[in-house]
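Okay, thanks for having me. Let me pull the structure up on the screen, and then I'll talk you through some side-chain pairs and a sheet.

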Amino acid sequence: LALVEVGIEGRFDATNLINAVATVITQIEMEHQEYLGSTYSEILAESLSIIKERTPVITAENKEMAIKALKAEAKRKKAPVFLLNENCQIEEGEHSVKKQTFNYRGISFDLKNLEIQLLGQHQLENASLALLTAEVLKERFLVNEAQLRRGLKKAYWPARFEVLKSRNGWLVIDGAHNPAGLKVLIKALKRHFPGTIPTFIFGVLEDKDYQAMASLLAFQAQEVFLVEPPSPRALPSFELKKKFLEYNSDLLINEVDSLAEAMEGALKKSSVVVIAGSLYLAAQALELVKLLEEFNNG
């Protein structure tokens, strides 16, 4: 059994060549407009084209417009639909900077005190979506409760709200590179570091919606260190700085030449430092962390 992620979705995505046993859709957001369309309805139509004939669709989508379109496309292709908010119930348990627990009741599964190391409320949804998919496919791919628990507990996703302990506090590395991802990141920070205003190390690519991201972060950050991701498509820091100051002229912003310099400066000043804005930047951060002995998994 192979779990294959789409590239940018749509009719021309390479995964359309695969004879799938299920189609799993998390949330459909505004992204890849240069390929999928400039409006949400256009992107939605392209994204839903990955639904296969008579192949079950499992989704965490909760936007009314998207669900209506998804059900219509699935009906056209005679594909059964399973919705996270209709076919199962999730009950949150405890959470810390190391783990989260939750209860899950689905079509036939009734599991208590499940544990995941992935942080943020959105990861409870992702874990539950995986469980719902396992239920839908259980006649073909049987798994027992011990396997489910072990799989959830051991799941690791680099640079997805990855929390590391530093000498002075915490470093969070997250690959959020669009407004939707940034909203999820901000929500997770408030969940796991309540009452804390973090310092951000931030950089984006020029083809991303950096204006919307700047508007989201302008009043969420104690201070911002701007650094250009290691990519020829990186947006110059001075352009990003102008956008931040448009929304909050009092925000303290530092333009730095390297991520190492940004990390050194930010970690001295703040107990919670967040690196975000680009997967390129997040990957570079993880490489730097490997070289620094002051970090260990939180």
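So, Phe 193: it's buried, at 7% relative accessible area. Keep in mind that this is a predicted model. Which ring does Phe 193 pair with? That's Trp 170, with the two ring centres 6.4 Å apart and the planes at 55°, so we call the pair tilted. Trp 170 comes out as partly exposed, with a relative accessible area of 21%. The cut-off for buried is under 20%, so at 21% Trp 170 doesn't get that label.

Where do these two sit along the chain? Trp 170 is in strand E8, residues 170-173, while Phe 193 is in the loop between helix H7 (179-192) and strand E9 (199-202). They're 23 residues apart, and the pair links distant parts of the chain. Trp 170 has another neighbour too: Lys 165 lies over its face, 5.2 Å from the ring centre.

The search of the whole structure gives 2 aromatic pairs. Besides the tilted one, there's Phe 202 with Phe 244, and this pair is edge-to-face, at 5.9 Å centre to centre and 90° between the planes. Phe 202 belongs to strand E9 and Phe 244 to helix H9, so the pair ties together parts that are 42 residues apart in sequence. Buried or exposed, these two? Phe 202 is buried at 0% relative accessible area, and Phe 244 is buried at 0% as well.

Staying in helix H9, let's switch to charges. Lys 243 makes a salt bridge with Glu 246, and the closest N and O atoms are 3.7 Å apart. Both are in H9, residues 237-247, and they're 3 residues apart, about one turn of the helix. On accessibility, Lys 243 is buried at 18%, whereas Glu 246 is exposed at 52%.

How many salt bridges does the whole structure have? The search finds 17. Let me show you a couple more that sit within helices. In helix H10, residues 259-269, we have Glu 264 and Lys 268, 4 residues apart, again about one helical turn. Their N to O distance is 3.7 Å. Glu 264 is partly exposed at 49%, and Lys 268 is exposed at 62%.

Then there's helix H11, residues 279-291, with Lys 290 and Glu 287 set 3 residues apart. That salt bridge is 3.5 Å, N to O. Lys 290 counts as exposed at 65%, and Glu 287 as partly exposed at 46%. And if you like networks, Glu 73, Arg 76 and Lys 77 are linked by salt bridges into one.

Last topic, the sheet. It's an open one with 3 strands in the order E1-E2-E3, and the pairing is parallel. The edge strands are E1 (23-25) and E3 (81-83), each pairing on one side only. On average, neighbouring strands here are turned by 15° against each other, direction ignored. If you zoom in on E1 and E2 (residues 57-59), you get 3 bridges in the parallel sense, with Thr 23 standing opposite Val 57.

What lies across this sheet? Helix H3, residues 64-76, lies across E1, E2 and E3, running at about 155° to E3. Helix H5, residues 121-136, also lies across those strands, at about 160° to E2.

That's what I have, so over to you.

Notes. Residues numbered from 1 in each chain as written. Predicted model: local features only at pLDDT ≥ 70, side-chain atom pairs only at ≥ 80, totals over all residues. Heavy atoms only, no water. Salt bridge = Lys/Arg side-chain N within 4 Å of Asp/Glu carboxyl O. Helix = DSSP H or I, 4+ residues; strand = E, 2+ residues; numbered from the N terminus. Buried < 20%, exposed > 50% of the residue type's maximum accessible area, 1.4 Å probe, protein only. Pairing = 2+ DSSP bridges. Axes fitted to C-alpha atoms, helices over the stretch in contact; angles between N-to-C directions. Contact = heavy atoms within 4.5 Å. Phe/Tyr/Trp six-rings, centres within 6.5 Å; stacked < 30°, edge-to-face > 60°. Lys NZ or Arg CZ within 6 Å of the ring centre and 35° of its normal.
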